[in-house]
Every structure is written in structure tokens, then in C-alpha cells.
Amino acid sequence: KYYKEGSSYNDLKAKMRKADLYCSYLNANGWRNLSKLRKVSFSRNSMLEAIEKRSFSNCKFEEIKIPRNVKIIEEDAFRNCKKFKVVDFEDNSELELIESNAFNSSKLKTLYIPKNARLDKGWCQSVPKLKNVLISENSNKYRCLNSEIVVEKSDINSHIYDVLIFAAKNLKKVTVPKYVKRIAPYAFIEN
């Protein structure tokens, strides 16, 4: 019933539709290409700390709720997940970093950013369906404006969000706030 750390990749690939994961990290390439995987859940009080490169690349599940202890989502972790729509995080998430291209070539539509997370340059590159980026109301680094754009403070001690880092895909019109001094790389990519 449960697939634990050390499970045979070939056995899982052939029959897996749901995975309840009991491990402290997902290594690079470890769970990729599981074409029958539809749902991923994590054990209560999961100790998972990292989702490494290509951990879930080419998987077919639609959503995932990242455990509280995960501190990093590495580059290409969810690459080419064509049915992927929603990434959510457990309450009190300790996420520190989403690396560039973490969701590369996926069909992700909605992403929640926990309060302490940092977004690498290019974090939203090649995610053509991303329309909803929700920012924790307790974040002191990012803000979402009008459900359309995400702005960031270049100086964490400032009260001004002066860098535009993301514009929702499929926007027809956007007004850049007057206090924005810089538009970050990839902010309007695929718009």
C-alpha cells in the first residue's frame, strides 16, 4: 500500500497511481516519469526537507501540497508535468527557496508562495499557464497586486515593493505601479 524510501523505481513506474511518501528527501530523478501517478500526499508530520532536481519530472498528477519542513524546491523538480495545476503548502511552511525553472514546461496554473520563501531569477520561466500566484499575507518580501502582478522589495528594510517580478500569463493589459523601479528578468515571459 505504501511506497517508502528505497522502493524499486521500475516496480513503482508500472503500477503507481497514488503515493504516500515517508522519506526525508526526494532525490534527483527518483520519482520522475511515473505516468500513472495521479495523487501525491505526504505522511502527517513529514520530515521531507528538499525536493531535488527532476524529482517529479514528467509525472501526471494535477496538484501537490508540499510538507511544512521542505526548505527548497530545486531546479526542474516538476519539469514537464503536463497535467500539473496547483502547488500548495502546509500551514507554517518553512520553504526558503524556489529555484529557477522549478516548474519548467509544466502546466501549473496556481502557486502559493509561503511567507519566508525566496524566488530565484527565472522561477516562473516556461510556465505558460501560470495565472494565479498567491502570496502569504505574512510575507515581508513579496506582494500580489490585483491578482495580476507580483512585486518584490529590493531592500527588505524598505516599505516599497519596487521590483516587478511576475505578470500573470494571458494578461491583455497591465498598469505598472509608479513606485516600480525595475522589471525583473522573465517577469512578462510568455505573455
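## A nonpolar patch on the surface

V176, I183 and F188 together make a nonpolar surface patch of about 230 Å². Such patches are made of residues with over 30% relative accessible area and no salt bridge, where nonpolar side chains (Val, Leu, Ile, Met, Phe, Trp, Tyr) are joined within 5 Å and like charges within 9 Å. Accessible areas come from the Shrake-Rupley method with a 1.4 Å probe, and for residues only the protein chains shown count as cover. Within the patch, V176 sits in the loop between β15 and β16. V176 is partly exposed, at a relative accessible area of 36%; here buried means under 20%, exposed over 50%, and partly exposed in between (1.4 Å probe, protein chains only).

A word on the model itself: it is predicted, so local features need pLDDT of at least 70 and side-chain atom pairs count only at pLDDT 80 or more, while totals for chains, interfaces and linings use all residues. Residues are numbered from 1 along each chain as its sequence is written, and side-chain values use heavy atoms, with hydrogens and water left out.

## The four-strand sheet

The strand names come from DSSP runs numbered from the N terminus: strands are E runs of at least two residues, and helices are H or I runs of at least four. Four strands form an open sheet in the order β13-β14-β15-β16, with mixed pairing. Strands β13 (142-145) and β16 (182-183) stand at the edges with a single partner strand each, so one side of each has no neighbour in the sheet. Two strands count as paired if DSSP finds at least two bridges between them.

Strand β15 (residues 163-167) pairs with β16 in the parallel sense over two bridges. The bridge partner of L164 in β16 is I183, and I183 is also one of the residues of the nonpolar patch.

## Parallel pairs with two faces

Strand β6 (residues 63-66) has a covered face with I64 and I66, and an uncovered one with E63 and K65. Four bridges join β6 to strand β8 (residues 86-89), and the two run parallel. Across this pair, E63 has V86 of β8 as its bridge partner.

The side chains also alternate along strand β12 (residues 132-135): V133 and I135 point to one face and are buried, whereas N132 and L134 point to the other and are not. β12 pairs with β10 in the parallel sense over four bridges, and Y112 stands opposite L134 of β12.

## Loops worth a look

Start with the loop between β9 (97-98) and β10 (110-113), where S106 is found. S106 is buried, with a relative accessible area of 0%. Its side chain reaches the backbone nitrogen of L108 at 3.3 Å. Leaving out residues up to four places away in sequence, S106 touches F78, N80, C81, F84, S126, V127 and P128, where contact means heavy atoms within 4.5 Å. In the same loop between β9 and β10 lies S105, which is partly exposed at 25% relative accessible area.

Most residues other than glycine have a negative phi. S105 has a positive phi, near 60°, and D76 has one near 65°. D76 is found in the loop between β7 and β8 and counts as buried at 11% relative accessibility.

K83 also has its place in the loop between β7 (72-73) and β8, and at 42% relative accessibility K83 counts as partly exposed. The C-alpha atoms of K83 and E62 are separated by 5.2 Å, although these residues are 21 residues apart along the chain. Beyond its sequence neighbours up to four places away, K83 touches K60, F61 and E62.

## Salt bridges

Side chains of opposite charge can pair when their charged atoms come close. The structure holds five salt bridges, each a side-chain nitrogen of Lys or Arg within 4 Å of a carboxyl oxygen of Asp or Glu. One of them joins K71 and E94 (2.8 Å, N to O). K71 is in the loop between β6 and β7 and E94 in the loop between β8 and β9, so this pair links distant parts of the chain, 23 residues apart. K71 is partly exposed at 28%, and E94 is partly exposed at 26%.

Another salt bridge joins K141 and E152 (3.1 Å, N to O). K141 lies in the loop between β12 and β13 and E152 in strand β14 (residues 149-152), so the pair ties together parts that are 11 residues apart in sequence. E152 is buried, with a relative accessible area of 15%. Salt bridges that share partners also join R68, K71 and E94 into one network.

Notes: A polar contact is a pair of N or O atoms within 3.5 Å; within protein, one must be able to donate a hydrogen and the other to accept it, and residues adjacent in sequence count only if both atoms are side-chain atoms.
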